[in-house]
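Reader: I am new to this structure and should like to understand the terms used for its ligands. Please show it before explaining them.

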Amino acid sequence: MTDADKVIKLQDQCPLALNAGEPEIRFANGAIIGGGRQPIVIAGPCAVESQDQINRLAHKVKAAGAVLLRGGAYKPRTSPYDFRGLGPEALRYLAEAREATGLPVVSEVMSPEQVAVAEPHVDMLQIGARNMYNYELLTAVGRTRLPVLLKRAFSATINELLQAAEYIMLEGNKQVVLCERGVRTFEPHTRNTLDLSAVAALKTMTQLPVIVDPSHATGRPELVRPMSRAAIACGADGLLIEVHDAPSQALSDGSQAVSPDTLRAIVSDVKAIARALAFAPDENSSRDPQPLAALQTSAV
Ligand code: PEP
Ligand code: MN
């Protein structure tokens, strides 16, 4: 099959994901993902552990510059013996944290039943890597009017990710944000291998926003900041970062969480890189086609 044949085939497989995506997703607090605007940061703990924990961290991530709060109510765990989330109780705590901080909330759902439970409490639904191929679930979130954060499965190709987005969009929901969160390779030093070429490739294929999760990609807090910088530099529309203020006591993924102070540094990196690359400040302009020129000016 020639490259041209492959493009035609993909056009047949995911016409909506390739051509009809919502380029920017707007939230009640004014945050916007995509559209060539300043990249945003979504942050929070892997799991909602208690009312106090999510409330405290919501204030801390807001103070650090995050514009959306992410916390897991339903946790897909590789081992069934690990903490699997507080479920509906966590959704209530998230809604309270939103009330207290004004931050829109994102949380993962793993079944169509959970979509119905979560929908009234959250501003964005997350589909985790393990569920990218769960077509019943993709259809269920496609029937809501909430934006969907769709994570790439461990070994999914870019085309498979776009076809998963197609399932959501086919139900009428065009607000899909794609998330690169690392893929499985031979390298055990990092939890996964962050595939930034997928980000750059997706940006040439679809107008759907693309964000990067350096926390699950690396599994190492000391690598989250450098990979965040790289993600923004290669064109990501935002970051999804796991944050905890007591990582050793976290019930889930504490070993990869960064501190609120590191989050603050990452937000400031994002702004500096966005300035250097001249990301558009408003909807009337697009990304600077000559980022090098912008870099030289800002370096003087
Ligand atoms: C998560 O976001 O906490 C998570 C479980 O991520 P992933 O689905 O990418 O493994
Ligand atoms: Mn996690």
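Author: A polar contact is a pair of N or O atoms within 3.5 Å; within protein, one must be able to donate a hydrogen and the other to accept it, and residues adjacent in sequence count only if both atoms are side-chain atoms. This is a predicted model, in which local features need pLDDT of at least 70, side-chain atom pairs count only at pLDDT 80 or more, and totals for chains, interfaces and linings use all residues. Residues are numbered from 1 along each chain as its sequence is written, chains are lettered from A and ligands numbered from 1 in the order in which they are written, and side-chain values use heavy atoms, without hydrogens and water.

Reader: What makes the approach of ligand 1 to A129 a polar contact?

Author: An oxygen atom of ligand 1 is 2.7 Å from a polar backbone atom of A129, so the pair falls within 3.5 Å. For K151, an N or O atom of the side chain is 2.9 Å from an oxygen atom of ligand 1. A polar side-chain atom of E242 lies 3.1 Å from a ligand 1 oxygen.

Reader: Why are C46, H216, E242 and D253 called donors of the manganese ion (ligand 2)?

Author: Donors are N, O and S atoms within 2.8 Å of the metal (3.2 Å for Na, K and Ca); water is not among the atoms, so sites may look incomplete. C46 (SG), H216 (NE2), E242 (OE) and D253 (OD) coordinate the manganese ion at 2.1 to 2.4 Å, and therefore meet the 2.8 Å limit. Along the chain, the donors follow the spacing C-x169-H-x25-E-x10-D.
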